[in-house]
Amino acid sequence: MGSDEAKVVAAVDFGTHGTGFAWTVRTPLNDDPLTRRIQFFTRFPGRQPDSPKNLTAILVTDDGDTVAWGHEARARWVEALAKGEAEGLGYAYAFKTALKSGGSMADLPITGGFVDRADRGLIRELVTAYLKEIRELATAEIKRMTYTEREVRWCITVPAIWDDEDKAVLRRLAVDAGFPGDPERLLLAIEPEAAALYCHLRMPDAGSGPHRRARLPLHLDGFRSVVVDCGGGTVDITAYESHGDAGPSIALREIGIATGGWLGSEHVNQAFLDKTLGDRFGPAALKRIERDHPGELLELSEQWERAKATVELDREADAVAAVLDPVRIEVPVTVWDLLDEQVRVRLTHDAAGLPRQIVLPPEEVEGLLDERVDGILDKVAEQLAAIGRTSAASAEPETLVLVGGFARSPWLRERMRARFGERHRILVPPDPALAVLEGAVHFAYRPDVFVSRQAKYTYGFETAKPFEEGVDSTMRMYRDDEGDLLCVGRFGVAVQRMDSVRVNDAHPFRIVPVREDQDELDVRLYRSAKADPRYVDEDGSEEIGRLTVDLSGTVGRPLRERPIMLLFYFGATELRVEVFDPATGETSQVSVDFDRV
Amino acid sequence: MLFNRDKGKRPQEVSIRLDGLDTLESRIRKLEAAADDQRAALAALDPLGDRLIELRMRQERAEERARTLETAVADTRRVLDEQSEVLDLVRVTQVAERDDLTREDFLVHYELAQRLRALYTQRMPDLIQPRLTAERPRDVVRRQAQLISRLCVVLFGPDEQGGLGEPDLAELARIATDAGVVGLDARHQRLLERVGTEAAHLFRAMTGSGHAGHFDFAVEPGTPVDSEEHALWPSCEAGRPVAFVVCPGYRAAGRRLLETFVYTEATG
């Protein structure tokens, strides 16, 4: 079944903290995004009361069987620890962070039992196990409406800062989890794009709602927006410019460079554990609690997670905003009993006589939030500066779109307003935590909505070019079967960093084998942060993957009769490569193997 | 002219002609024999001709059947397409009519539940703190829970009214200040106003959402605490029966979005 015959589109927002699933039916009525009806799954097993997101957590046995996932996994893990029955079990939470290649994982994922967070192979298996669970749940929900699995087109969300190899890994893990192998039936949606799409399609026009909630006008030519996606683990900042010549479609051009970092909400929670609890309980007690009562520690963290999203602020005009109220956190009995008597007396005193409570004064709340909010604001400023440097001046200042779970924080919103609100309009959707999920459903409904993206790197491959005397080292010299003198190891540029590449445009590149008896060509793909790298092994160039092209059909012919066209599609969500053989007139897909690097 | 020719040559000519006749006769016999052979061959072919005719007839019948089948397939395909359209319509209607599916317009209730939780566990304890400090009760946890329980009743209506009455802001102030006995500092005075405003906002949002909302005050004292239905009020002891409801649970469209906060008596 082709993807156009899909009767249902379903999206999975696979997040660091929480994961959600939503779907819709393809009908003439739903073809209009304004009237499209989307269903959100909210009854996750073991989750009471129900919620549109489940925890990105999993509990497995050392045989690889899934015991539970989501909130239920957390509850079962805590129970197993309490009963001393954790032997042979492994627990992991926020493990999506381990999929990002390179860079620091900071303090995530959180693991327990036999799961070692540095073991990326195991973490990948856990991702597959988790995706399998949510796919099965989603499939069962859709099948209840008598649709078959073959009638579903799926979409999974990925952060903008993920590289091609990260996306390829996720796709492979998803296929291992039972999602379709056909790329037309399993799409990857870039999270900020999905959020922008949601803000364009579903928010009311300016006239029908408060200014800050007005629609994102992606249909206006030259309109610029910066999506700040503040998730649990990472914050992604991506900028777009709209083109008004796309007819009924939306033409977005990515401008600037997708940036971000480990600035998500979970890191604020970690600061709460390290600082607030560390200062109050003492480092030794905190270590003991971490070791013996991780479940209770998670409970404390969850209370803080909820409280930080609902703090109220003093927003008097021309005054610096301030958190108004203290935050109260209840200390579980088992943790309380572990504390020294002196500590308990002090905490009870600080809570005006209420035992088992921690009261954080407003200034402390602000300090904890600012641990990451300062970094987010700096990254937004960097992105705006990058747009100013790399793009032509715009008549209107960029609109900032704040989405993701952390965007529910009034403190983050207020600090954004204070720093950027004078010049930039700041738009926050009604439920910023679900904007990506709903946007991904809209993207899956009409994947051709985005027409171009901007290359993050210069992409190309290793090739041989005519040797240039005095420029190329003789170490790189090679004479081919026809006697031409070549320089090997040259960087054949297919697309340059910062180039705007259209989603459906092929970037052709002609390559020729160097021997007449050569029956296949191993093409190494490289990227570089430089605009015009010369060699594949120079500083800044790195190999990202390999692909093998079959040349067996033209073995023995003169080299000049054996050219092959590589067609690179850099503008799609994922890097795609096709091979066109003029000798046979055939075009075939080749997959880039990122794991062979 | 023949008669004018030399008469001596005539017998020779006649002889030649007679020889020619003999040759002709011989050729005729050969041709007749060949014709007999052909007839014999044709006679042998007669059954094949019948077979050919039969095959032709069978071909015509098969073509006719194929035409019939093609028509039937086309009809079936048309019926299947129609049925598929009907099935799609039925499925779409089924999806549209399911009231257990969560749609976008319901999502606001999750946010309202979070705001309600913050009101219960953060704002109300803070608001009631000046009165607690003034009263200096022996059991501060119990007294706090009692006062907050009274705040919830005046803000969200008693259970017999469906738990969604208009917030009584005057009564809210009376409880917070012990009928004016306890003075509030500027921060708590503002907090009192904010709590009243937030309760009014929540009331309007819940009643105006199009989904029937309900506050759940009803838990009989002595009921065992059910972790799926109830949440223990902070500092309460687990494993004890419910003494009273501190803050009501919240439901919308029949779904429980916030647990009922209950107070349990401490042992001893």
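A salt bridge is here a side-chain nitrogen of Lys or Arg within 4 Å of a carboxyl oxygen of Asp or Glu. The exercises below concern a predicted model and the interface of its chains A and B.

**Exercise 1.** Decide how A:Lys7 and B:Asp88 are related across the interface, and state how many salt bridges the rule finds there.

*Solution.* Begin with the distance: the closest N and O atoms of A:Lys7 and B:Asp88 are 2.7 Å apart. The cut-off is 4 Å, so the pair forms a salt bridge. Then turn to the whole interface of chain B and chain A, across which the rule finds eleven salt bridges, while the residue pairs in polar contact, with both residues at pLDDT 80 or more, number 20.

**Exercise 2.** Find which element of chain B gives the most residues to the side that touches chain A, and describe the make-up of that side.

*Solution.* Among the elements that give two or more residues are helix 1 (10–97), helix 2 (108–135) and helix 5 (186–207) of chain B. Of the elements of chain B, helix 2 gives the most, with eleven residues. By class, the residues of this side divide into 16 nonpolar, nine polar and 17 charged.

**Exercise 3.** Describe the extent of the interface in residues and in buried area.

*Solution.* Counting contacts, 42 residues of chain B meet 47 residues of chain A. In terms of area, the two chains bury about 3,900 Å² between them, 46% of it on carbon and sulfur atoms. Of the area that chain B buries against chain A, 16% is supplied by B:Arg91, B:Glu104 and B:Gln122, more than by any other three residues.

Note on methods
Residues numbered from 1 in each chain as written. Chains lettered and ligands numbered in written order. Predicted model: local features only at pLDDT ≥ 70, side-chain atom pairs only at ≥ 80, totals over all residues. Heavy atoms only, no water. Contact = heavy atoms within 4.5 Å. Buried area = accessible area lost by both parts, 1.4 Å probe. Polar contact = N/O pair within 3.5 Å; in protein donor to acceptor, adjacent residues only side chain to side chain. Helix = DSSP H or I, 4+ residues; strand = E, 2+ residues; numbered from the N terminus. Nonpolar A, V, L, I, M, F, W, Y, C, P; charged D, E, K, R; others polar.
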